[in-house]
Amino acid sequence: MLPSVEHALQWLAVVEVAIAIVELVARRSLRRILAALFLTIAVLFCFDRLDRAAGGERLFQSGVKLEKAGEHGAAFEKWKELEKQDPTHPGLHLNMAATARALGELDQAETFATEAIEELIENNGRQGPIRIGNAYYTRAAIRFAHGKFDEALADLRKAVDDGFPYQVSVQSDVDLRAMAGDSRFQPYIRSILRNGNGVQDEQL
């Protein structure tokens, strides 16, 4: 005996409700699965960033040690490795500039110093313990060594404008001593000495 139309409609309604319940449960399960998956990805991403940061800092400190030991070529290789891993590491491009200059690569050194300045400008003049005045001073020294005296003077002015509170001396700083030989640079060097040490070298 065939079911009546009324019974058929009732069974159809029951089936529709059952399907709706299954879909609702499925959606909730899917949401839970997606939420768990998202959380897992987020945790893995954080661990990866922390691991990269720790590895980057190890590379940076290794480069610093090599640079202090006068192993400029080996230090530069460390900087290049770090640049691939963490190109925005505080102090990276400033150290690359100093190392390139020690290797006699003045054009490359100036490029790295400019990159450091641009990064510091984006970070409101600071990047970790580094201030933009340090970067301007570094580029001034590089440009002076390259014979770009007007550009070097402009950078030295900007270093002074930042305050440049670093400990420097004409007696120990080869760059400062070289620039002090040009009378145009002397007023700014006096300011740097006052800001950094509170003492001016006698020869100035």
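**Exercise 1.** State whether Phe60 and Trp79 are buried or exposed in this predicted model.

Solution. Buried means under 20% relative accessible area, exposed over 50%, and partly exposed in between (1.4 Å probe, protein chains only). By this scale Phe60 is buried, and Trp79 is buried too.

Residues are numbered from 1 along each chain as its sequence is written. The model is predicted: local features need pLDDT of at least 70, side-chain atom pairs count only at pLDDT 80 or more, and totals for chains, interfaces and linings use all residues, while side-chain values use heavy atoms, with hydrogens and water left out.

**Exercise 2.** Classify the ring pair of Phe60 and Trp79, and place both residues in the chain.

Solution. Rings of Phe, Tyr and Trp (its six-membered ring) pair if their centres lie within 6.5 Å; planes under 30 degrees apart count as stacked, over 60 as edge-to-face and the rest as tilted. The centres of Phe60 and Trp79 are 5.5 Å apart and the planes stand at 50 degrees, so the pair is tilted. Phe60 lies in helix 1 (residues 5-68) and Trp79 in helix 2 (residues 72-85), 19 residues apart, and the pair links distant parts of the chain. Helices here are DSSP runs (H or I, at least four residues), numbered from the N terminus.

**Exercise 3.** Classify the pair Phe144 and Phe149, then give the burial of each residue.

Solution. The ring centres are 5.0 Å apart with planes at 65 degrees, so Phe144 and Phe149 are edge-to-face. Phe144 has a relative accessible area of 15% and is buried. Phe149, at 36%, is partly exposed. Together with Phe185, Phe144 and Phe149 form one aromatic cluster.

Technical notes
Helices (H or I, at least four residues) and strands (E, at least two) are DSSP runs, numbered from the N terminus.
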